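Me: I would like to go through this model by question and answer, with the cut-offs stated as we go.

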Amino acid sequence: MDEVDRRILAELVRDGRTSVRTLAERIHISRTNAYARVERLVRDGVITGFRAQVAPEAAGLGTSAYMALTIEQNTWREVSAELAQVRYVEHVALLSGEHDVLALVRAPDNAALRDVVLDRVQRIAGVLSTRSWLVFEEFDGTQSPWR
């Protein structure tokens, strides 16, 4: 990846609906070059998709929480497959340290969050314990490498 690729990524992160023509104009490259570079970034797995960014609260998901899980050793594959099927779990990461897994949950309210934690996640085979932190406010950093 070179500087032009990084500028393309920054533009697409800012607005994934940007046309190739507009992208080329903003980056000061030809449309053919912009198209070829975007295609290569997709083919190489750098760009994994295009999607809308959703404001959780405006979309009816007013309660967000990070949930840390401690799991039995060697159960990551099974636990992660189950977590992927739990409604309201937006993101999951395998960690090193005190906890094994960190999940971001976005639910409509505290009752739905409680159901996710107590009725779904804690019943997954291999999950030993959970710990949750409510999110009061969040924002994207302005110094992201793609902005």
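The turns below take up the helices, the sheet, one loop residue and the salt bridges.

Me: What kind of model is this, and how are its residues numbered?
Reply: This is a predicted model, in which local features need pLDDT of at least 70 and side-chain atom pairs count only at pLDDT 80 or more, while totals for chains, interfaces and linings use all residues. Side-chain values use heavy atoms, with hydrogens and water left out, and residues are numbered along each chain as its sequence is written, from 1.

Me: At what angle do α1 and α3 pack, and what is that arrangement called?
Reply: Helices and strands here are DSSP runs numbered from the N terminus (helices H or I, at least four residues; strands E, at least two). Axes are lines fitted to C-alpha atoms, for helices over the stretch in contact, and angles run from 0 to 180 degrees between N-to-C directions; under 35 degrees counts as roughly parallel, over 145 as roughly antiparallel, 65 to 115 as roughly perpendicular and the rest as oblique. Helix α1 (residues 3-14) and helix α3 (residues 31-43) have axes 11 Å apart and pack at an angle of about 80°, which makes α1 and α3 roughly perpendicular.

Me: Which residues of α3 meet α2?
Reply: Helix α2 (residues 20-27) packs against α3 at an angle of about 105°, with the axes 8 Å apart, and the two are therefore roughly perpendicular. With contact meaning heavy atoms within 4.5 Å, V20, R21, L23 and A24 of α2 meet, in α3, R31, A34, Y35 and V38.

Me: Is I47 buried or exposed?
Reply: I47 lies in the loop between α3 and β1 (63-71), where, leaving aside residues up to four places away in sequence, I47 touches L9, L12, V38, L41 and V42. Relative accessible area under 20% means buried, over 50% exposed and in between partly exposed (1.4 Å probe, protein chains only). Because its relative accessibility is 11%, I47 counts as buried.

Me: Which strands stand at the edges of the sheet?
Reply: Two strands pair if DSSP finds at least two bridges between them, and the open sheet of four strands follows the order β2-β3-β1-β4 with antiparallel pairing. One side of each edge strand is left without a neighbour in the sheet, because each has a single partner strand; these edge strands are β2 and β4 (127-134).

Me: How many bridges join β2 to β3?
Reply: Strand β2 (residues 89-94) and strand β3 (residues 101-107) form a hairpin with six residues between them, and G97 in the turn has a positive phi of about 115°. V89 stands opposite V105 in β3. The two strands run antiparallel, and the number of bridges joining them is five.

Me: Which residue forms a salt bridge with E25?
Reply: A salt bridge is a side-chain nitrogen of Lys or Arg within 4 Å of a carboxyl oxygen of Asp or Glu. E25 is partly exposed, because its relative accessibility is 47%, and its partner lies four residues apart in the same helix α2, about one turn of the helix. The closest N and O atoms are 3.4 Å apart, and the partner is R21.

Me: How many salt bridges does the count come to?
Reply: R123 and D119 meet through their side chains in one of them (3.9 Å, N to O), while D2, D5, R37 and R40 are linked in a network of salt bridges. By the rule given above, the count comes to twelve.
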